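Reader: I'm in my first year and still learning to read these pictures. Please pick out the strands and how they are joined, and take me through that part slowly.

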Amino acid sequence: QVQLAESGGGLVQAGGSLRLSCVASGRTFMGYAIGWFRQAPGKEREFVAGFSWSGANTDYRDSVKGRFTISRDNAKNTVYLEMNSLKPEDTAVYYCAATRRDFGPWNIGFGVHEYDYWGQGTQVTVSS
């Protein structure tokens, strides 16, 4: 099993930036599809960004394209979510998730149910 721990959340003004980190322990991230999700109060958890298990492909939800970037450092067993030009509607708890399910080397899981391992989440609050 892999254990995930997010960090890097905080309070930032609109237009600001944050970088979230997700560190894996127990096992390497290699071969895992990775996803960042978020959940705002009263709303369902939603996909934000993700890697295919091969690491060869990434994808983002439309509302964050051009503003958020997912990246990984295999040597540090860490996945990052760089968030720029933050908006109040980005306010949520952000979660890192992982799975060994084989969606295919180029495919990314977009659903909460497609991931088996979750971190505890980190709060991101964007003030207007």
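Author: Follow the chain from its start and you meet β-β-β-β-β-β-β-β-β-β-β. Put as a count, that is 11 strands and 0 helices. Both words come from DSSP runs: a strand is a run of E with at least two residues, a helice is a run of H or I with at least four, and numbering starts at the N terminus. Before we zoom in, know that this is a predicted model, where local features need pLDDT of at least 70 and side-chain atom pairs count only at pLDDT 80 or more, while totals for chains, interfaces and linings use all residues. Residues are numbered from 1 along each chain as its sequence is written, and side-chain values use heavy atoms, with hydrogens and water left out.

Now to the sheet. Four strands make up an open sheet in the order 1-3-8-7, and their pairing is antiparallel. To count as paired, two strands need at least two bridges between them according to DSSP. At the edges sit strand 1 (3-7) and strand 7 (68-73), each paired on one side only. From one strand to the next, the twist averages 15°; for such angles, axes are lines fitted to C-alpha atoms (for helices, over the stretch in contact), and the angle between N-to-C directions can run from 0 to 180 degrees. What holds strands together in general? Backbone hydrogen bonds do the pairing, in either a parallel or an antiparallel way.

Look at strand 3 (residues 18-25) and strand 8 (residues 78-83): the two run antiparallel and share 6 bridges. One pairing to find on screen is Leu20 with its bridge partner Leu81 in strand 8.

Strand 3 also gives us the disulfide, and the structure holds 1 of these. Cys22 and Cys96 form it, with sulfur atoms 2.1 Å apart; the cut-off for calling a disulfide is two cysteine sulfur atoms within 2.5 Å. The link ties together distant parts of the chain, since Cys22 belongs to strand 3 and Cys96 to strand 9 (residues 92-99), 74 residues apart. The torsion about the S-S bond is about -80°, so this disulfide is left-handed. Both Cys22 and Cys96 are buried, where buried means under 20% relative accessible area, exposed means over 50%, and partly exposed is in between (1.4 Å probe, protein chains only).

Over at the edge, strand 7 is home to Ile70. Ile70 counts as buried because its relative accessibility is 5%. What does Ile70 touch, leaving aside neighbours within four places in sequence? Its contacts include Trp36, Phe51, Tyr60, Val79 and Leu81, a contact being heavy atoms within 4.5 Å. From Ile70 to Arg19 you cross 51 residues in sequence, but 9.7 Å in space, C-alpha to C-alpha.

Just back along the chain is Arg67, in the loop between strand 6 (58-60) and strand 7. Is Arg67 buried or exposed? Buried: its relative accessible area is 9%. Setting aside residues up to four places away in sequence, Arg67 touches several residues, among them Glu82, Met83, Asn84 and Asp90.

Two hairpins come next. Strand 4 (33-39) and strand 5 (46-51) have a loop between them that contains Lys43. The two strands run antiparallel, joined by 5 bridges, and Gly35 stands opposite Gly50 in strand 5. Their hairpin has 6 residues between the strands, with Gly42 in the turn at a positive phi of about 80°. Lys43 is exposed, at 57% relative accessible area. Its C-alpha is 22 Å from that of Asn84, which lies 41 residues away along the chain.

Strand 5 then makes a hairpin with strand 6, also with 6 residues between the strands, and here Gly55 takes a positive phi near 80°. Strand 5 and strand 6 are antiparallel too, with 3 bridges, and Ala49 has Tyr60 in strand 6 as its bridge partner. Strand 5 has 5 of its 6 residues buried, so it is largely enclosed by the rest of the structure.

Finally, step back. Buried residues are 45% of the 128 in the protein. Among contacts with a separation of 6 or more, 60% are between residues 24 or more positions apart.
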